[in-house]
Amino acid sequence: MFGTHYKLERYSIGLVVAIIVVASIGGLIEIAPLFTIHETVEKAPHMRVYTPLELAGRNIYIREGCYACHSQMIRTLSDEVERYGPYSLAVESQYDHPMLWGSKRTGPDLSRVGGKYSDKWHSEHLNNPRSVVPQSIMPAYAFLKRTELRTVDLSMDLAALKRLGVPYTDAMIKNASDDAKGQTDPDGSWADGVRARYGEATNVRAFDGDPGTVTEMDALVAYLQVLGHLTDVAHASEPGVSK
Amino acid sequence: MTSASHETLTIFAQSWGLLYLALLALGVLLYTFWPNNRARFDRAKNSIMNDETGPWA
Amino acid sequence: MTVAGRHDPFGIHGIIVLLTGLGCAFCLIRDYYTPEPGADRLSSYYDEPIKAGILLALIWALIGMFFGDWVAWLLAYPQMTFDADWSSFGRMRPIHTTGVIFGFGGNALIATSFHVMQRTCRTRLADQLTPWFVLVGYNLFCIIAVTGYLMGVTQSKEYAEPEWYADIWLVVVWVAYFALYLRTLARRREPHIYVANWYYLAFILVVAMLHIVNNLALPASLARAKSYSLFSGVQDAMVQWWYGHNAVAFFLTAGFLGMLYYYLPKRAGRPIYSYRMSIVGFWGITFFYVWVGSHHLHYTALPQWVQTLGMTFSVMLLIPSWIAAANALLTLNGAWHKVREDATLRFMMVAAVFYGLSTFEGSFLAIRPVNSLSHYTDWTIAHVHAGTLGWNSMIIFGAIYYLVPQLWKRPHMHSPALVEFHFWSAIAGTFIYVFAMWNSGITQGLMWRAYNQSGTLAYSFLDSVMAMHPYYIARAFGGLLFLIGTMVGVYNVWRTIQAAPAHLTQTEQPALPGSPQAAPLVGS
């Protein structure tokens, strides 16, 4: 009696083990080698990280599900390169936790949208897309301008990303909240700190047109304006050639 | 990982990987068509047709 | 949670968890004083959790499909919403996907797996409390997920949007589910484990594996909902689509094939055409599916060899998929008159046909040159909905129409005519939806790559958006038909439950003494 029961047990456990083994092989072979991939693909020595304001904007982009309709991955196809710019390289999203490549283009690709439109255009477009593009089907995000950005937590976000390998310095983490405010106020006292920590090329502007309060609109526009500008390796003469 | 090991991986996949795939398929087919298993499968196939009463009736 | 997350949606989730916990504690304490059940309890199947699971699945179907159709109308008429953060397309869309896949599909899978495992093992569920823990816990996960989206809590991983605390909770629930399944299998009074259980077991196991790896993330703070994925860039993309496609494989295929391999033979009154084919198909699907995720990343920055592997295995996957579909349809050979007369069996038949069609389409779309046209377009949406509406929903509704009269001990559904109505509105809705999205997807793809004679791009992106308008209206209308069908189905189920039990008309049912009292947690 005990013997048969034991055999039955072995049968179901055997099934479980077989399923796990058979089902994990494909994943292991495809995923494991990718963790060393950054050693073989492009290098981007001068790639900068997102500022706290841009990171906050990125988190709003995630929160509002923008990735469901906008991709950030230009494929190696001639019409895409012509429409959106040089095709995306793996290194360009190396600091993106998580990546936002997307899978659907209900709206256009945004990986190189930074600098294509003015801050004012973005601000009005997000507020009511149809005021700028009458045929647009994008949702209106009027509440962004009304909502003040919560900046006190940003140090925690930077610290978490640093633990995951994004090269934020201790000074960046310590000043994250002030830097978020400083980036929207070019004449204020914190603006110089942002430029010193993140580079002279950093956009320091009142993104939503109002230098007073830091709104979620500031953050999202700051993020959109830096897309495609963290590094310029993709614009090099022979993009994608491994060096 | 260097490009050499990418190559190694490809070679590995085309030899041992293929062998593994073939063996796996063979194993599944053997199990499925093993004559002794026939009665067991036939019993299982028909067993669901009257299971509402359970073993108690 | 409630206290720590005062400034965050985290706090509201703390309150929801607290209330659920209190509710469960109340039910347990109330039941503590009921008399000890007699030994005869062990000689009946434990059907109460199955009933609850079916009702929960139907509630989620209504929620998920309602939001799905709302956001579908938003794509045609973007102003049809409120000026509030929660009601924008981006926050409501994941309610649709989570509601239908995890709420509707997941509850249906759990309920039918409880049913199938007891019947095929000829034994009672291994535990009185665990089934309720699994059901309540799983639905708490779904509620946390869906309310989170409204408040903007998401980690943006497609089909894995819930944040870290919900993910951890799901792991706990899932381990209990797995243990319950194994314990019930261990009690079985049949030497062989029927193949439907293999599929359910693969569903439970592999989903656990996928869920844990894909959701590895570092919370920004233990008092906040926000976390950052352990992976970034290309690795994250591969992990995400390894998860994403295998969620299709093991959530929406393996578990549902388990359903098909049990309910279709039962309803047709004929054993499965070939038991051996079902075994070969099982191992084929389990092995091939895990390789194919990378076909979501053709022509991207993912290394080419991974893309090629994904494409190759996607094409090979067609073999076990069609084995399963053929097996189901061949089972119906000799029972076609039943298919004609019985809408319930017709639901299952159509499910098998759509399974065959959408797996063919899937393998086709995974071929790189085809994918260059179809990717990023509505063609993908057409493919997904051919699978989810045509295959998953149809088999669930077939199983529900089979189960409801049996579990509630009624001679038949309240209104067979309404089952017919549901069938035809679901079919019409699916066809309209899928054809609209095929048209829009292919149009989009062709417009994006069209050049004019001077060698420049012929259309702006906006041109393609405007061209979609009629298709988006048609799609939303198709979805509405499907939703109406579901509403009719829910009404029919409700009326069937309300009708007087048919004690005397039952011949097949065993006497189940005291089964209504056997429900400790939900007084249904």
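**Briefing: the interface of chain C and chain A, and a surface patch on chain B**

Across the interface of chain C and chain A, five salt bridges are found by the rule applied here. The structure is a predicted model, and this briefing looks at that interface before turning to a nonpolar patch on chain B.

**Extent of the interface**

- The size of an interface is often expressed as the accessible area that is lost when the parts come together.
- Between them, chain C and chain A bury about 7,600 Å², and 67% of this area lies on carbon and sulfur atoms.
- On the side of chain C, the residues that lose the most area to chain A are Tyr228(C), Tyr376(C) and Phe461(C), which together account for 11% of what that side buries.
- The contact draws in 94 residues from chain C and 83 residues from chain A.

**Polar links across the interface**

- Lys104(A) and Asp378(C) are joined through their side chains in a salt bridge, with a distance of 3.0 Å from N to O.
- Between chain C and chain A, 24 residue pairs are counted in polar contact, with both residues at pLDDT 80 or more.
- Helix α7 of chain C (residues 233-268) supplies ten residues, the largest share of the side of chain C that touches chain A.

**A nonpolar patch on chain B**

- Phe12(B), Trp16(B), Leu19(B), Leu23(B), Leu26(B), Leu30(B) and Trp34(B) make a nonpolar surface patch of about 780 Å².
- One of these residues, Leu26(B), belongs to helix α1 of chain B, which covers residues 3-33.
- Leu26(B) has a relative accessible area of 48%, and is therefore classed as partly exposed.

Terms used. Residues numbered from 1 in each chain as written. Chains lettered and ligands numbered in written order. Predicted model: local features only at pLDDT ≥ 70, side-chain atom pairs only at ≥ 80, totals over all residues. Heavy atoms only, no water. Patch = residues over 30% accessible without salt bridge, like charges linked within 9 Å, V, L, I, M, F, W, Y side chains within 5 Å. Areas by Shrake-Rupley, 256 points an atom, 1.4 Å probe, with all protein chains shown as cover. Salt bridge = Lys/Arg side-chain N within 4 Å of Asp/Glu carboxyl O. Helix = DSSP H or I, 4+ residues; strand = E, 2+ residues; numbered from the N terminus. Buried < 20%, exposed > 50% of the residue type's maximum accessible area, 1.4 Å probe, protein only. Contact = heavy atoms within 4.5 Å. Buried area = accessible area lost by both parts, 1.4 Å probe. Polar contact = N/O pair within 3.5 Å; in protein donor to acceptor, adjacent residues only side chain to side chain.
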